[in-house]
Amino acid sequence: MASPVSRTVTYSPAYTLVPTYECFNRCAYCNFRFDPGKSPWLTLPDAEILLKSLQDKGICEILILSGEVHPRSSRRQAWFQLIYDLCQLALSMGFLPHTNVGPLSCEEMAKLKNVNVSMGLMLEQLTPKLLNTVHKHAPSKIPEYRLQQLEWAGELAIPFTTGLLLGIGESSGDRWETLEAISHIHQRYHNIQEVILQPHSPGSQQTFDAPPFDPHQLPELIAKARQILPSDITIQIPPNLVKEPSWLLACLDAGARDLGGIGPIDEVNPDYPHPEYQKLQQILSPAGWELVARLPVYPYFDGWLSKELQRNVKEWRSAIGASSLSVPNHL
Ligand SMILES: O=c1nc2n(C[C@H](O)[C@H](O)[C@H](O)CO)c3cc(O)ccc3cc-2c(=O)[nH]1
Ligand SMILES: C[C@H]1O[C@@H](n2cnc3c(N)ncnc32)[C@H](O)[C@@H]1O
Ligand code: SF4
């Protein structure tokens with residue numbers, strides 16, 4: 001008898017709030033950033049208006065995604081406070097925040113744990129050679145700093161999302177090393193909920209002149225990642241960056257089980273809109289996959305959250321159980 005195979009693929013109905021697009025780093029592949037001081041910051045009243053318009057629309061996750069203010073800048077404290085306040089506001093309105101705003105101090109991380117159900121930071125690639133190329137002007141991308149974030153998240157018991165950015169000048173050996181490093185951290189702290197395998201996708205703003213990561217290479221990479229990563233880490237692939245239906249299905253066959261946060265705009269890759277829910281269903285259903293909404297925190301981490309956060313999470317889990325989330329209004 002064939003062994004039973006789970007045919008469920010998940011996604012998170014999400015909306016992205018951007019505290020600021022300004023960033024002191026200049027990653028050569030970035031289509032998001034503005035120079036410091038050249039982009040207004042989101043205000044709390046504007047965020048509240050935005051969030052109000054999202055209530056009762058099936059959106060659960062608020063992804064807080066930001067450009068970065070230098071850790072030693074006199075504006076760092078105000079930047080951090082805005083992020084904290086946005087998370088608190090989203091929570092008070094019933095949403096579940098997930099913050100990915102670049103490297104944080106251990107103290108900043110500890111504070112954000114109180115207002116986030118999970119957090120994230122892409123490890124991207126561990127090889128230091130990228131500091132001479134795409135990350136030449138991006139001090140936040142020093143690999144050891146980023147690895148340390150994963151460890152601090154472990155020490156602080158924060159459910160964490162990380163991932164690899166593919167096709168930015170790394171070799172396949174570099175990819176295995178990065179996956180192995182994630183695997184080691186997870187074996188020590190058991191804090192990594194998912195790993196995103198993100199194909200570099202050129203946009204209209206970037207300076208890095210390289211082709212997109214060839215999605216045809218993804219299934220083999222996913223299969224290898226599945227062997228390296230512990231089985232309780234989910235592999236996520238962004239469906240807007242793997243356009244071809246047959247390749248999306250090949251990625252699932254290879255072991256990917258999550259499509260990440262899906263919402264009206266992919267702020268990181270604005271030239272690649274997220275597919276509509278119905279479109280995804282049309283691709284997945286005939287192949288026997290069921291597309292199921294999930295929360296930004298995986299169930300086995302609920303116990304790591306404060307009682308207050310657990311209350312919000314519990315409500316969303318029963319809403320999902322009643323499948324009121326299966327077709328978000330905005331998709
Ligand atoms: O729409 C996007 N969501 C991105 N997300 C959102 C992500 O899919 C969800 O927030 C998590 O799966 C939690 O539900 C990220 C989250 C991280 O923690 C780290 C990196 C990313 C990258 C992206 C991204 O490029 N585009
Ligand atoms: C939010 C995450 O998105 C990734 N990121 C930044 N720019 C691009 C791009 N052009 N294509 C794909 N991913 C990108 C970075 O790894 C960042 O950490
Ligand atoms: S990828 Fe992130 S760190 Fe790099 S320039 Fe863009 S916003 Fe800044």
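**Exercise 1. Which residues does alanine 28 touch, not counting residues up to four places away in sequence, and is alanine 28 buried or partly exposed?**

Solution. Begin with the contacts in this predicted model: once residues up to four places away in sequence are set aside, alanine 28 touches Val134, Gln206, Thr207 and Phe208. Next, place the residue along the chain, where alanine 28 belongs to the loop between E1 and H1. A further check uses the backbone, since the C-alpha atoms of alanine 28 and glutamine 205 are separated by 9.5 Å although the two residues are 177 apart along the chain. Finally, count neighbours: a residue is buried if 20 or more other C-beta atoms lie within 10 Å of its own, and because alanine 28 has 18 within 10 Å, alanine 28 is classed as partly exposed.

**Exercise 2. Where do cysteine 23 and cysteine 27 lie, and which residues are they in contact with beyond four places in sequence?**

Solution. Take the location first: cysteine 23 is found in the loop between strand E1 (8-17) and helix H1 (44-54), and cysteine 27 is likewise in the loop between E1 and H1. Then apply the neighbour count, by which cysteine 23 is buried because it has 22 C-beta neighbours inside 10 Å, while cysteine 27 is buried with 23 other C-beta atoms within 10 Å. Leaving aside neighbours within four places, cysteine 23 touches Arg33, Gly67 and Glu68, whereas cysteine 27 is in contact with Val134, His135, Ala138 and Lys141. The record comes last: an unreviewed UniProt entry lists Cys23, Cys27 and Cys30 under "binding site", and in the model the residues surrounding ligand 3 include Cys23, Cys27 and Cys30, along with Arg33, Gly67, Glu68 and Ala138.

**Exercise 3. How do the shells around ligand 1, ligand 2 and ligand 3 divide by residue class?**

Solution. For ligand 1, the shell divides into six nonpolar, ten polar and three charged residues; of its 19 residues, Gly120, Thr161, Gly260, Val268 and Pro296 come nearest. Several strands supply at least two residues each to that shell, among them E1, strand E2 (61-65), strand E5 (160-166) and strand E8 (258-262). For ligand 2, the classes are five nonpolar, eight polar and one charged, and the nearest of the 14 surrounding residues are Tyr29, Met122, Leu165, Ser201 and Val268. For ligand 3, the division is five nonpolar, four polar and three charged.

**Exercise 4. Which residues of helix H7 are buried, and what covers them?**

Solution. The first step is to identify the buried residues of helix H7 (residues 245-254), which are Leu248, Cys251 and Leu252. Because these residues cover an arc of only 100° around the axis, they lie on the same side of H7. The general background is that an α-helix has 3.6 residues a turn, so residues three or four places apart point the same way. The cover over the buried residues of H7 includes E1, helix H6 (218-228) and helix H8 (277-284). Just after H7, glycine 255 adopts a positive phi of about 130°.

**Exercise 5. In which sense do E1 and E8 pair, and how many residues of E8 are buried?**

Solution. The pairing of E1 with E8 is parallel and runs over three bridges, with serine 12 standing opposite glycine 261 in E8. As for burial, five of the five residues of E8 are buried, so E8 is largely enclosed by the rest of the structure.

Definitions and conventions:
Residues are numbered from 1 along each chain as its sequence is written. Chains are lettered from A and ligands numbered from 1 in the order in which they are written. This is a predicted model: local features need pLDDT of at least 70, side-chain atom pairs count only at pLDDT 80 or more; totals for chains, interfaces and linings use all residues. A residue is near a molecule or strand if its C-beta atom, placed from the backbone, lies within 6 Å of it. Ala, Val, Leu, Ile, Met, Phe, Trp, Tyr, Cys and Pro count as nonpolar, Asp, Glu, Lys and Arg as charged, and the others, Gly among them, as polar. UniProt positions are given in the numbering used here, feature names are shortened, and annotations may be inferred rather than shown by experiment. A residue is buried if 20 or more other C-beta atoms lie within 10 Å of its own, exposed if 12 or fewer, and partly exposed in between; C-beta atoms are placed from the backbone. Two residues are in contact if their C-beta atoms, placed from the backbone, lie within 7 Å. The arc is that of the directions from the helix axis to the C-beta atoms. Two strands pair if DSSP finds at least two bridges between them.
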